[in-house]
Amino acid sequence: MTDRTAVRTGLLTVDGATLHHEVRGEGPLLVMMPGGSADAGIYDAIAADLADRWTVATFDPRGYSRSALAGPVTDQSPATHADDIVRLIESLSPDGAPAALFGSSSSAVVALAALARHPGRLSRVVAHEPPVVALLPDPEAGRALFAAVREAFRRDGVAAAMTTMAAGLAPEEGEAAPGPERAAAGSEQSAAAEEPPTPEQTAERAATGEQAPTAEQAATFRRMHANLPVFLEHVLCPFSGYVPDLVALKASAAHLVVGVGRDSRALLPAVAAEGLARRVGAGVAEFPGGHIGLTEHPRAFAARLRDVLAAP
């Protein structure tokens, strides 16, 4: 019997890049897109859980980890990444069968672009907390927050940027949306809140009890952490500033599920996500944990995603 969790790796040439991708399991195709600075390794546990029902494809986005660009890195576009996804689907589903698509955080923005641009290639799209500021009650405050994060990175480096982002995404009780002033102030309590964890945080979550991460896990964490400069300089603002095609998404709303974290519904990405669902008439599904619930509770997150994908 074939080991459904065995990983088959490959390289796919797309316009301007070569994508490293990994495939597990058999059945209908499910493509899982990493968000933030993550790569295919963020889904190792979840993909193994879902490989009994789906052919699960994960990958490193262009310019990250093992997916090299043909030229220098520049500001990234959700539309370009969406086209990468369709090329990957075409390579893995040559019979033309549509694929299911999951994205979280910045990759949820790509999921929206993919559904708007290529609806015929997608059977179901689950977009978990896309931080699209255009859908916030105060879009300018959202844009100012992410601009402040990028400026903190340019001025003081990755750690300062992540602290600024965590502070801005964690409003105090009773606040509807963050502002750039509090974001710039930062706080230790909110620094561990949302967006990609540090390698140390991820290792702690991945380990069981006091068990240390394996050498393979440690390498994965270092690889994803090394992507943070690209994310902060070239992905964060272009992706959060993306303006979805609401007309196209409304026409495909039957295929779209908007995910929100049980513990993050007051935060900017979830507020934007629920605003999207209202605007286009899409369903909303609550997932375990917060914005990074897939790393906080991978088994429970996978179980919930299984239910969402299998729902009629």
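This is a short dialogue on reading salt bridges and helix packing in a predicted model.

Reader: Before the details, what does the protein contain in helices and strands?

Author: Keep in mind that this is a predicted model. The protein has 14 helices and eight strands. Of its 312 residues, 54% count as buried.

Reader: And what share of the contacts with a separation of 6 or more comes from residues 24 or more positions apart?

Author: That share is 71%. Keep it in mind for the pairs below.

Reader: Okay, salt bridges. How many are there by the rule used here?

Author: The rule is a distance one: a side-chain nitrogen of Lys or Arg has to lie within 4 Å of a carboxyl oxygen of Asp or Glu. By that rule the count is 16 salt bridges.

Reader: Let's take one. Which residue does Asp44 pair with?

Author: Asp44 pairs with Arg24, and their closest N and O atoms are 3.0 Å apart. Asp44 sits in helix α1 (residues 44-50) and Arg24 in strand β2 (residues 17-24), so this salt bridge ties together parts that are 20 residues apart in sequence.

Reader: Is Arg24 buried or exposed?

Author: You read that from relative accessibility, where under 20% means buried. Arg24 comes out at 5%, so Arg24 counts as buried. Asp44, with a relative accessible area of 28%, is partly exposed.

Reader: What about Arg121: which side chain does it meet in a salt bridge?

Author: The partner of Arg121 is Glu90, at 3.8 Å from N to O. Arg121 is in the loop between α3 (106-117) and β6 (122-128), while Glu90 belongs to helix α2 (residues 78-92), so the two tie together parts 31 residues apart in sequence. Arg121 is buried, with a relative accessible area of 17%, and Glu90 is partly exposed at 36%.

Reader: And where does Glu233 find its partner?

Author: Glu233 forms a salt bridge with Arg154, with 2.7 Å between the closest N and O atoms. This pair links distant parts of the chain: Glu233 is in helix α10 (residues 228-240) and Arg154 in helix α4 (residues 139-156), 79 residues apart. Here the acid is the buried one, since Glu233 has a relative accessible area of 16%. Arg154 is partly exposed at 48%.

Reader: Which residues are joined into one network by salt bridges that share partners?

Author: Glu22, Asp60 and Arg66 are joined that way.

Reader: You mentioned α4 and α10. At what angle do their axes cross?

Author: Roughly 165°, with the axes coming within 10 Å. An angle over 145 degrees counts as roughly antiparallel, so α4 is roughly antiparallel to α10. Their crossing is left-handed.

Reader: Which residues make that contact?

Author: On the α4 side you have Phe146, Ala147, Val149, Arg150, Phe153 and Arg154; on the α10 side, Pro229, Leu232, Glu233, Leu236, Cys237 and Ser240. Sorted by class, the contact of α4 with α10 has eight nonpolar, one polar and three charged residues. You'll recognise Arg154 and Glu233, the partners in the salt bridge between these helices.

Reader: How far apart are the axes of α2 and α3, and at what angle do the helices pack?

Author: The axes are 8 Å apart and the angle is about 70°. The window for roughly perpendicular is 65 to 115 degrees, so α2 is roughly perpendicular to α3. The crossing of α2 and α3 is right-handed. In α2, Pro78, Ala79, His81, Ala82, Asp83 and Ile85 meet Val109, Val110, Ala113, Ala114 and Arg117 of α3. Those residues of the contact of α2 with α3 divide into eight nonpolar, one polar and two charged.

Reader: α3 also packs on α10. What is the handedness of that crossing?

Author: The crossing of α3 and α10 is left-handed. Their axes come within 10 Å and cross at roughly 45°, and that makes α3 oblique to α10.

Reader: Which residues meet there?

Author: Ser106, Val109 and Val110 in α3 meet Phe231, Val235 and Phe239 in α10. The contact of α3 with α10 divides into five nonpolar, one polar and no charged residues. Val109 and Val110 also take part in the contact of α3 with α2.

Conventions: Residues are numbered from 1 along each chain as its sequence is written. This is a predicted model: local features need pLDDT of at least 70, side-chain atom pairs count only at pLDDT 80 or more; totals for chains, interfaces and linings use all residues. Side-chain values use heavy atoms; hydrogens and water are left out. Helices (H or I, at least four residues) and strands (E, at least two) are DSSP runs, numbered from the N terminus. Buried means under 20% relative accessible area, exposed over 50%, partly exposed in between (1.4 Å probe, protein chains only). Axes are lines fitted to C-alpha atoms, for helices over the stretch in contact, and angles run from 0 to 180 degrees between N-to-C directions. Angles under 35 degrees count as roughly parallel, over 145 as roughly antiparallel, 65 to 115 as roughly perpendicular and the rest as oblique. A crossing is left-handed if the near helix is turned anticlockwise from the far one by less than a right angle, and right-handed if clockwise. Contact means heavy atoms within 4.5 Å. Ala, Val, Leu, Ile, Met, Phe, Trp, Tyr, Cys and Pro count as nonpolar, Asp, Glu, Lys and Arg as charged, and the others, Gly among them, as polar.
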